[in-house]
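Trainee: I'd like to learn how to read a fold feature by feature. Can we start with one residue and work outwards?

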Amino acid sequence: MNALFEKVAVGIRGFIDFFHPLFQRFIPLQTFRYLIAGGVNTLLGLLVYFFCYQYLFRETVIDFGFYAFKAHSASLFGSFLITFPIGFFFARYVVFDNSFLRVRIQLFRYLMICLFNLVLNYLLLKTFVELLGWHAVIAQVITVLLVVAFSYIAQRNFSFQSKKKQTNC
């Protein structure tokens, strides 16, 4: 399975890297890969969210007995279930392909960062809209930019480290 992932990743990296010369004066290759792969995954997440909200859950409440999800919350969960593994694939095999960490460590760290980002997104949006009175769309755009910037730094330096840290004795 790993060989299949590598072959697919080589093709995706080749496609993304083909366009990088147009932007190489402005952005490093790894950051460019992150923007393209993350952008594709974000767009997929929005499409899955829309499909779930409009057609699957049809604006109803999904009651599990112990907790009831409104359609927008259930759609967010559905979107996360699809985009989480795809995002991990992009991060591990396309963007941060030179990491020395084991896959299970990367996966656990990636999950932690994703969950933190979800909470961070919620808190920033709530602060910008409810406390500062910003327009919701502007607040969401700024929130996404902040969360994506944090996510890139966290994934690069924590989830998918590419060199071992030096210790001074």
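Trainee: Leaving aside neighbours within four places in sequence, which residues is Val 103 in contact with?

Mentor: Contact means heavy atoms within 4.5 Å. With those sequence neighbours set aside, Val 103 is in contact with Phe 88 and Arg 92. Before going on, note that this is a predicted model, where local features need pLDDT of at least 70, side-chain atom pairs count only at pLDDT 80 or more, and totals for chains, interfaces and linings use all residues. Residues are numbered from 1 along each chain as its sequence is written, and side-chain values use heavy atoms, with hydrogens and water left out.

Trainee: Where is Val 103 placed, and why does it count as partly exposed?

Mentor: Val 103 belongs to helix H4; helices (H or I, at least four residues) and strands (E, at least two) are DSSP runs, numbered from the N terminus. For accessibility, buried means under 20% relative accessible area, exposed over 50%, and partly exposed in between (1.4 Å probe, protein chains only). Val 103 has 37% relative accessibility, so it counts as partly exposed. You can also check how far apart two places end up: the C-alpha atoms of Val 103 and Val 144 are separated by 27 Å, with their positions 41 residues apart along the chain.

Trainee: And the loop before H4: where is Asn 98?

Mentor: Asn 98 is in the loop between H3 and helix H4 (103–131). Asn 98 counts as partly exposed because its relative accessibility is 45%. Apart from neighbours within four places in sequence, Asn 98 is in contact with Gln 30, Gln 161 and Ser 162. Its C-alpha lies 25 Å from that of Ile 82, which is 16 residues away along the chain.

Trainee: Zooming out, how many helices and strands are there in the protein?

Mentor: The protein has five helices and two strands, and from the N terminus on they run α-α-β-β-α-α-α. The C-alpha trace spans about 50 × 45 × 40 Å along its principal axes. Of the 169 residues, 31% are buried. Take the contacts between residues at least 6 apart in sequence: 59% of them join residues at least 24 apart.

Trainee: How do I read the length of H2?

Mentor: Compare the span with an expected one, which is 1.5 Å times one less than the number of residues. H2 (residues 29–56) has 28 residues and reaches 38 Å from its first C-alpha to its last, close to the expected 40 Å. Buried residues of H2 include Thr 31, Phe 32, Arg 33, Tyr 34 and Ala 37. Just after H2, Arg 58 has a positive phi of about 45 degrees.

Trainee: At what angle do H1 and H2 cross?

Mentor: Axes are lines fitted to C-alpha atoms, for helices over the stretch in contact, and angles run from 0 to 180 degrees between N-to-C directions. Under 35 degrees counts as roughly parallel, over 145 as roughly antiparallel, 65 to 115 as roughly perpendicular and the rest as oblique. The axes of H1 (residues 2–19) and H2 come within 10 Å and cross at roughly 110 degrees, so H1 and H2 are roughly perpendicular. Their contact is made by Arg 13, Ile 16, Asp 17 and Phe 19 of H1, with Leu 29, Phe 32, Arg 33 and Ile 36 on the H2 side.

Trainee: And how are H2 and H3 oriented?

Mentor: The axes of H2 and H3 (residues 71–95) come within 8 Å and cross at roughly 155 degrees, which makes the two helices roughly antiparallel.

Trainee: What about H1 and H3: at what angle do they pack?

Mentor: About 75 degrees, with their axes 9 Å apart; H1 and H3 are therefore roughly perpendicular. Among the residues making this contact are Phe 5, Ala 9, Ile 12 and Arg 13 of H1, and Phe 89, Phe 90, Tyr 93 and Val 94 of H3.

Trainee: Is Arg 13 of H1 buried or exposed?

Mentor: Buried, because its relative accessibility is 11%. Not counting residues up to four places away in sequence, Arg 13 touches Glu 6, Arg 33, Tyr 93, Val 94 and Asp 97. Leu 4 is also in helix H1, and at 49% relative accessibility Leu 4 counts as partly exposed. The C-alpha atoms of Leu 4 and Met 112 are 26 Å apart, across 108 residues of chain.
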